[in-house]
Amino acid sequence: MIKDKNDDYRLFWDEAVKLIQSELTKQDMDLWFSRVCYDSYRDNTIIVSVPSNFHRDQIKARYAQLIETKLSELSNGYLNIEFHISSNPNEKTAAAAVKAPESQPKEKDMGYTRHISAVEKQHPHLKKEYIFDNFVIGENNAFAANATMAIAKNPGTSYNPCSLYGGVGLGKTHLLQSIGNFAYQKIMNLKIVYVTMENFINEFIQSIRNRKTQTFKAKYRHADILLIDDIHFIQRKPETQEELFHTFNALYDSNKQMVFTCDRPISELKDLSERLKSRFSRGLTLDLQPPNYETRQAILNKKIELAGFFLPEESINLICEKITTNVRDLEAALTRLIAYSELVNKPITPQITEQQLKDFFTSNAIHRNVPINIIQQTVAEYFGVSVKDMKGKRRQNKIVIPRQVAMYIARDITEYSTTELGLEFGGRDHTTVMYSCDRIAERMKSDPFFADQVEALKKKVIEANVTA
Ligand code: ADP
Ligand code: MG
């Protein structure tokens, strides 16, 4: 998208100004930004002109960080900012704006409109593929899909808040972002904030560290639609829970739409303050189930069409028979076939499908949804310790080894992140999980007997899950 042409970067500046505008008062906006104009682009740096040395120093001191953050968000850390003193005769227009602060400088307005109409209007934090049109509806997700569509059309009116839960790869993020994308395209001037809970937590911590909690609060409490992905990460984060509680109340009281996703029903969240839990449980709750055979076929066909690819029907049926877990696994299978076809420059046959996806069909894919408690129980039983100890604080070797082995197996066969696993193992830090897995991997390398034991246990876990 980024071409090395001076003017193409004006769009980034205009978008950044828009984001900044939503965080400042109109007065400050007029005072400090109405006379700042996009000038040029050079070496990853956007150069804007300001009317005087004084203006430059002031705007730098007050807003340099905010501007940098916004540009960096929009460009994924690619763009910086520099201020030049304007020698531009257009300053006259700008000076007029001081006398009549209500009116924005003309050429800036025009610049913005021109560029926006030249590109697809796209929210900087939402994936453009995550739209309702790309979401295949089946009996497993029809209610969730229709309800989220209704929310996108009329945010803040009836289903507020809404929470969407289900296992990995079933379309939670897709639907959540579809709400944002739809509303962003169809309704003017809505402030749509999408954030993963992990980022929300990090931003909050950063804002405390940098004494910028007011900016943080303003960003979230002035949203018209707040979309938070994977709220289960807020477990065991009491300060962030407190902050989100107040954000929730502010938005709820002013009828602003909130939508959350979670990997389990809200009632099953642990270490969450009762008052926040009760807030999350208000409104509408939607669940996503794994797709059945017909829906898997419809989804795979849609993905094939979007990729502009061809697969024989027999291959499609084979994949849909074998991969029953979730949509992410279906996509991964298709991706592998497309990559193979491009590599050998040949179309995919049913034989190639079978051969290329062999381990896919037999190994990990069908075990990705093994619940952590089954892993913990199986490993604990094998070593003769209790699951409670495994999640507890005791540090004797006879507890630590089973704990680390369970973490290692969980990391190996499931899709849970180290942060999630830390939570499941008594609220440990993700670095502890990483360390534990490394320890086991090392020991397996140096001790073949131990390695066999772990591999055997892994099989046991998988069997336990199949018979559970
Ligand atoms: P989750 O957030 O529940 O883990 P995602 O929303 O990330 O899952 O979905 C995983 C992948 O599967 C995404 O690429 C998404 O587009 C796709 N997907 C999930 N459900 C559907 C569906 N019903 N139709 C089309 N694509 C889907
Ligand atoms: Mg997700």
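**Exercise 1. Find the residue in S2 that stands opposite Tyr38, then work out the sheet around it.**

Solution. Start with the pair itself: Tyr38 stands opposite Val48 in S2. Keep in mind that you're looking at a predicted model.

Next, look at the two strands. S1 and strand S2 (residues 45-50) run antiparallel, and five bridges join them. Now zoom out: the order S1-S2-S3 makes an open sheet of three strands, and its pairing is mixed. S1 and strand S3 (80-85) are the edge strands, each pairing on one side only. From one strand to the next, the twist averages 30°.

**Exercise 2. Work out whether the rings of Tyr9 and Tyr41 are stacked or edge-to-face, and what the pair ties together.**

Solution. A search of the whole structure turns up twelve aromatic pairs. For Tyr9 and Tyr41, the ring centres are 3.6 Å apart and the planes are at 5°, so this pair is stacked. The cut-off you need here is that planes under 30 degrees apart count as stacked.

Then check where the two residues sit. Tyr9 is in the segment before helix H1 (10-21), while Tyr41 is in strand S1 (residues 37-42), so the pair ties together parts that are 32 residues apart in sequence. Finally, check the surroundings: both Tyr9 and Tyr41 are buried.

While you're on aromatics, have a look at Phe200, Phe204, Phe216 and Tyr220 too: they form one aromatic cluster.

**Exercise 3. Put the five-stranded open sheet in order and find its edges.**

Solution. Reading across, the order is S5-S6-S7-S4-S8, and the pairing is parallel. The edges are S5 and strand S8 (284-287); each has a single partner strand, so one side of each is left without a neighbour in the sheet. The twist here averages 15° from one strand to the next.

Now go through two of the pairings:

- S5 pairs with strand S6 (residues 225-229) in the parallel sense, over five bridges. Within this pairing, Ile192 stands opposite Ile225 in S6.
- Strand S4 (residues 162-165) and strand S7 (residues 257-262) run parallel and are joined by four bridges. Ser163 stands opposite Phe260 in S7.

One last step: is S5 enclosed or open to the outside? Four of the five residues of S5 (residues 192-196) are buried, so the strand is largely enclosed by the rest of the structure.

**Exercise 4. Check the span of helix H7 and decide how enclosed the helix is.**

Solution. Length comes first. H7 (residues 172-186) has 15 residues, which should span 21 Å at 1.5 Å a residue, and the end C-alpha atoms are indeed 21 Å apart.

Burial comes second. Eleven of the 15 residues are buried, so H7 is largely enclosed by the rest of the structure. Among them are His174, Leu175, Leu176, Ile179 and Tyr184.

Third, look for charges over rings. Lys121 lies over the face of Tyr184, 4.4 Å from the ring centre. Likewise, the charged end of Lys186 sits over the ring of Phe182, at 4.8 Å from its centre.

**Exercise 5. Show that the buried residues of helix H21 line one face.**

Solution. First the length: H21 (residues 430-446) has 17 residues and reaches 25 Å from its first C-alpha to its last, close to the 24 Å expected. Next, pick out the buried residues, which are Val433, Ser436, Cys437, Ile440 and Met444. Looking down the axis of H21, you'll see these buried residues fall within an arc of 95°, so they line one face of the helix. The spacing helps here: an α-helix has 3.6 residues a turn, so residues three or four places apart point the same way. Turned away from the buried side is a face with the exposed residues Glu442, Lys445 and Ser446.

**Exercise 6. Find some unusual backbone spots in the loops.**

Solution. Take them one by one.

1. Asn160 and Pro161 are joined by a cis peptide bond, with omega about -10°. Pro161 is in the loop between helix H6 (142-153) and S4.
2. Arg236 isn't a glycine, yet its phi is positive, about 65°. Arg236 is in the loop between S6 and H10 and counts as partly exposed at 36% relative accessibility.
3. Asn255, also not a glycine, has a positive phi of about 55°. Asn255 lies in the loop between H10 and S7 and is exposed, with a relative accessible area of 54%.

Note on methods:
Residues numbered from 1 in each chain as written. Chains lettered and ligands numbered in written order. Predicted model: local features only at pLDDT ≥ 70, side-chain atom pairs only at ≥ 80, totals over all residues. Heavy atoms only, no water. Expected span 1.5 Å × (residues − 1). Buried < 20%, exposed > 50% of the residue type's maximum accessible area, 1.4 Å probe, protein only. Arc of directions from axis to C-beta. Pairing = 2+ DSSP bridges. Phe/Tyr/Trp six-rings, centres within 6.5 Å; stacked < 30°, edge-to-face > 60°. Lys NZ or Arg CZ within 6 Å of the ring centre and 35° of its normal. Axes fitted to C-alpha atoms, helices over the stretch in contact; angles between N-to-C directions.
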